[in-house]
Every structure is written in C-alpha cells, then in structure tokens.
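Here are a few friendly notes to read alongside the structure. I have kept them as numbered points, so you can check each one as you go.

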Amino acid sequence: MLEQGPWVAQMERIQAAQDQSAFAELFAHFAPRVKAFLMKSGANDALAEEIAQEVMATLWHKAHMFDASRASVATWIFTIARNRKIDAFRKQRRPEPEDLTWGPEAEPDQEDVLALQQETDKLAQALTELPQKQRDLIMRAYYGDLSHSEIADETGLPLGTIKSRIRLALERLRHAMK
C-alpha cells in the first residue's frame, strides 16, 4: 500500500460529503501547479488555464474514483492533466470524425500511474539529497513557480549565483534520475 500523502484527507472529504472547503484547498494548491506543468509541456497560457480548470472539475466530479492505495493525490491529478493535455494537442490537429472516440473517458492505465508514482518518489528522494541552498532554489523555481529574477529579489542573492546553483542542482537531479 502507498503511503498516504497530505491531500488524502481532502479527497476523502470530497468523496464522502462533496466538501467544498476541501475542494477549495486542493484547487488552491494544485490548479496553479497543473497550469505551470502544462505550460512547461508546451501549452500556451489560455490552453493551460482551460485544461487546468477541466482537471480540477474532473477531480470534483470523479473524486469517488480516487483510490489512495493505488496512487497519491498528486499523481492522480497530474495523470489526469497529462491525459487532458494529450487530448487537447490531438484535437488541435483536427482529427477526422472516424478518429474520434465515443463513450466514457478511459481512466489512466495503472501501470502508467505506478510508473509516474515511482518516478515522483525517486525525484522526491533526489531532492532531499541536494544541498539545502540548491534545494531551496529548485523549490522556489519549480514548485513556487518563480523566475530567477523573482528569486533574486526574494533572497537577495546575485542572479548569477541563483542560476549557477539551479544549474548544478538540475545536473545532480538528472544524474539521480538515470
């Protein structure tokens, strides 16, 4: 069984009672991260915003399908986001009507969910092994969605130092993820 993460309680409240405050907490945390993930994956701002909204609506409507024993909340949400992004990119190619699928939306393949969870766990471990100064900058840049200049303003560090530390941290992470 997977270790239950920090968002499982909110999912359970949504599943049990359609708790709007639990949804608001999940939305506030995940919607900007999903949008940033989508933009880094090649979606423009408008498309990323639209897909992020769809993902969060899916979370609300299909919360009953979440199973904490199979994936973390983050893995489940980002798998939905990845699938929606793929669907959106396919639609932009304007498929012929016979290429369109009909019926209920397929749920993510559990092998993919498991592989994504394992990769997520490996990345989390690699992040903990970074020197604190590098880890802090990576967290601000990728999880806090801050630009290098914004990080410099927040920390008072020179921009070159920030760029060097992030570059070194990314190199270490790349090596750890091999």
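**Notes on the predicted model**

1. Let me start with a loop residue: S72 counts as buried because its relative accessibility is 18%, and the cut-off for buried is under 20%. This is a predicted model, so please read every value here as computed. S72 sits in the loop between α3 and α4. Its side chain is joined to that of T75 by a polar contact of 2.9 Å.

2. Now for the overall picture. The protein has eight helices and zero strands, and the order of elements from the N terminus is α-α-α-α-α-α-α-α. Of its 178 residues, 31% count as buried. If you take the contacts between residues at least 6 apart in sequence, 64% join residues at least 24 apart.

3. On either side of the S72 loop, how do the axes of α3 and α4 cross? Helix α3 covers residues 45-61 and helix α4 residues 73-92; their axes come within 9 Å and cross at roughly 135 degrees. That angle makes α3 oblique to α4, since only angles over 145 count as roughly antiparallel. The crossing is right-handed.

4. Which residues make this contact? From α3 they are L47, I51, E54, V55, T58 and L59. From α4 they are W76, I77, I80, A81, R84, K85, A88, F89 and Q92. Sorted by class, the contact has ten nonpolar, two polar and three charged residues.

5. T58 deserves a look of its own. This residue of helix α3 has a relative accessible area of 9%, so T58 is buried. Leaving out residues up to four places away in sequence, T58 touches A63, I80 and R84. I80 and R84 are both on the α4 side of the helix contact. The C-alpha atoms of T58 and I80 are separated by 8.2 Å, with the two residues 22 apart along the chain.

6. Finally, please turn to helix α6, residues 132-143, where you will find Q134. Is Q134 buried or exposed? Its relative accessible area is 8%, and so Q134 is buried. Setting aside neighbours within four places in sequence, Q134 is in contact with R165, L168, A169 and R172.

7. To pull the close-ups together: S72 is buried at 18% relative accessibility, T58 is buried at 9%, and Q134 is buried at 8%. When you go back to the model, T58 can be viewed together with I80 and R84, and S72 together with T75.

Note on methods:
Residues are numbered from 1 along each chain as its sequence is written. This is a predicted model: local features need pLDDT of at least 70, side-chain atom pairs count only at pLDDT 80 or more; totals for chains, interfaces and linings use all residues. Side-chain values use heavy atoms; hydrogens and water are left out. Axes are lines fitted to C-alpha atoms, for helices over the stretch in contact, and angles run from 0 to 180 degrees between N-to-C directions. Helices (H or I, at least four residues) and strands (E, at least two) are DSSP runs, numbered from the N terminus. Angles under 35 degrees count as roughly parallel, over 145 as roughly antiparallel, 65 to 115 as roughly perpendicular and the rest as oblique. A crossing is left-handed if the near helix is turned anticlockwise from the far one by less than a right angle, and right-handed if clockwise. Contact means heavy atoms within 4.5 Å. Ala, Val, Leu, Ile, Met, Phe, Trp, Tyr, Cys and Pro count as nonpolar, Asp, Glu, Lys and Arg as charged, and the others, Gly among them, as polar. Buried means under 20% relative accessible area, exposed over 50%, partly exposed in between (1.4 Å probe, protein chains only). A polar contact is a pair of N or O atoms within 3.5 Å; within protein, one must be able to donate a hydrogen and the other to accept it, and residues adjacent in sequence count only if both atoms are side-chain atoms.
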